[in-house]
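Thanks for coming. I will go through one structure today, with backbone oddities, aromatic contacts and charge pairs as the topics. Please have the viewer open.

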Amino acid sequence: MFKKWVRRVSLSATRGFAETTSPTHEKAPDGFANAEPVAVGDSVAPQTLPEIDESVADADTSIKTARTAVSSRSASYDNGIDYDALYEEEEETDLSMEAHGSMITHLLSQVKIGMDLTKVVLPTFILERRSLLEMYADYFAHPDLFIKISDLDDPRDRIVQVCRWYMSAYHAGRKSAVAKKPYNPILGEVFQCHWDIPGISQDAQEVRDGPVPWCRRDQLTFLAEQVSHHPPISAFYAEHYNKKITFAAHVWTKSKFLGLSIGVHNIGEGVVTLVDRSEEYIVTFPNGYGRSILTVPWIELGGSVEIKCPQSGYYANVEFLTKPFYGGKRNRVSAEVYAPSEKKPFVSITGEWSGLMEAKWHDKNKTEVFVDVNRIPIFKKQVRPIVEQDEYESRRVWKEVTAGLKFNDIERATTAKFVVEQQQRDQAKVRKEYDLAWEHKHFKPVGDNWIYAKPLSQRMYLQEKEAKR
């Protein structure tokens, strides 16, 4: 009987809704761009949750009350509401912190200059209606620029194209001029999507062993998983089977309160892999800043980024420039691209990552448009309907929160989030008590990195090996 009970708890605790403490990472996270802190007041979420035996978890009365409140409201949410549409609608832009003076006063009473934001309760009304895992998919809002890297035969052209894709990837993540913070993914949360890309050869064959097994070889697919909660590490992977190109990355943040802004240091790296060429491009990520948090907050990027190809020797230095206190423009970016062993760049790029960027070719003595993100199409990602999603997929996890925020029912959203967070804490307690390890779904730790378990390069190698038998 005892073994059956332990097995039931183990399955519940490892299905996808997890805790606030990863067994392998005890340090608490920082939050803003990556996600909100664990504190109850800043994010939100719930719905169908894997149950933990109440007699074992010993959940307190407040949790049961919260569950009852959310359950009693489920009928109104399900009555004619298209949850999928809630994720497709643009965010409102009329957010003003000045309208929430008492909340801001309460927030400021908790922080000091230089303090990390681990235990700070961020107000619910500043949340963006999607998970951070979904936000990472915006790196591929221009999938045509990404897959073109694999089409170029000259390594010099390829490093330039990597820069073009990377430098144009950030503007799509901001749905409005007002800065809002995405939901903090729960441990084990997963987000999947794909893109259809016009102009490439059609191929109806499915990639059943790929990251999104119902997608075709001519589609770009994306998979993200929250692999740790303390620190908050997100891992994601994208691939285009026919173009033989992939991108794998892991990111986590450390954030600090800076007075009138919040600074976020992004830690991690990403790797573009050209499978047929056995070539990699390693990239890092800029820091983020939430400015003017007492009025109408806005986001800017800052810091140095490196893009390098160990195989060819080509590399680039990219600088995201923060706005000066007086004058100057927002969202400035510059880059210099170098040939192997060269100390002078063969091309310099300047402009705005949210607009026009120009390239000056030093060896050709000419300047031309590098990319104008306002004149190229954003490709809409395709996400399967929530009713078809597993219980740990992002849009299903956060659908009640999204609805609460959409209809400006902050109390409902906050209650929903409290239920999910408490569920994680209960499951963490059970795993710790019975020494149950958390099982990652799609990624595995290798040193300080997180690697996708079934990358395209490995699958193709095994296929070729099998074909030779």
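Buried, in what follows, means under 20% relative accessible area, exposed means over 50%, and partly exposed is what lies in between. One caution before the details: this is a predicted model.

I start with the aromatic rings. By the pairing rule, 24 aromatic pairs turn up in the structure. I will take two of them, and they share Phe 346. In the first pair, Tyr 314 and Phe 346 sit edge-to-face, with 6.2 Å from centre to centre and 85° between the planes. This pair links distant parts of the chain, since Tyr 314 is in the loop between β10 (298–308) and β11 (315–321), while Phe 346 is in the loop between β12 (332–338) and β13 (347–352), 32 residues apart. Both Tyr 314 and Phe 346 are buried.

The second pair is Phe 346 with Trp 361. Their ring centres are 6.3 Å apart and their planes are at 25°, so this pair is stacked; the cut-off for stacked is under 30 degrees. Again distant parts of the chain are linked: Phe 346 in its loop between β12 and β13, and Trp 361 in strand β14 (residues 356–361), 15 residues apart. Are Phe 346 and Trp 361 buried or exposed? Both are buried.

Staying with Trp 361, there is a charge to look at. Lys 364 lies over the face of Trp 361, at 4.8 Å from the ring centre. A second example of this arrangement is Lys 441, which lies over the face of Tyr 392 at 4.5 Å from the ring centre.

Next, the salt bridges. The count comes to 23 salt bridges. I have picked three.

Glu 88 and Arg 395 form a salt bridge, with the closest N and O atoms 3.0 Å apart. Glu 88 belongs to helix α4 (residues 83–88) and Arg 395 to helix α9 (residues 394–397), so this bridge ties together parts that are 307 residues apart in sequence. As for accessibility, Glu 88 is partly exposed, at 35% relative accessible area, whereas Arg 395 is buried, at 3%.

Then Arg 277 and Asp 153, where the closest N and O atoms of the salt bridge are 3.2 Å apart. Here both partners are in loops: Arg 277 between β7 (262–274) and β8 (279–283), Asp 153 between α7 (143–147) and α8 (155–167), so parts 124 residues apart in sequence are tied together. Arg 277 is partly exposed, with a relative accessible area of 32%, and Asp 153 counts as exposed at 64%.

The third one joins Asp 363 and Arg 156, at 2.9 Å from N to O. Asp 363 is in the loop between β14 and β15 (366–372), Arg 156 is in helix α8, and the two are 207 residues apart. Asp 363 counts as partly exposed, at 46% relative accessibility.

Which residues are joined into one network by salt bridges that share partners? They are Glu 88, Glu 134, Lys 380, Lys 381 and Arg 395. The first bridge I showed, Glu 88 with Arg 395, has both its residues in that list.

On to the cysteines. How many disulfides does a search of the whole structure find? Zero. Cys 193, for one, is in no disulfide, and the nearest cysteine sulfur, that of Cys 215, is 8.5 Å away. The cut-off is 2.5 Å between the sulfur atoms, so Cys 193 and Cys 215 do not qualify. Cys 193 is buried, at 1% relative accessibility, and Cys 309 is buried too, at 2%.

Last, the backbone. The peptide bond from His 230 to Pro 231 is cis, with omega near -5°. Pro 231 is in the loop between β4 (219–228) and β5 (233–240).

Two residues other than glycine have positive phi: Lys 244, near 55°, and Asn 408, at about 60°. Lys 244 lies in the loop between β5 and β6 (245–257), and Asn 408 in the loop between α10 (399–406) and α11 (410–433). Lys 244 counts as buried because its relative accessible area is 13%, while Asn 408 counts as exposed because its value is 60%.

That is what I had; I can take questions now.

Definitions and conventions. Residues numbered from 1 in each chain as written. Predicted model: local features only at pLDDT ≥ 70, side-chain atom pairs only at ≥ 80, totals over all residues. Heavy atoms only, no water. Helix = DSSP H or I, 4+ residues; strand = E, 2+ residues; numbered from the N terminus. Buried < 20%, exposed > 50% of the residue type's maximum accessible area, 1.4 Å probe, protein only. Phe/Tyr/Trp six-rings, centres within 6.5 Å; stacked < 30°, edge-to-face > 60°. Lys NZ or Arg CZ within 6 Å of the ring centre and 35° of its normal. Salt bridge = Lys/Arg side-chain N within 4 Å of Asp/Glu carboxyl O.
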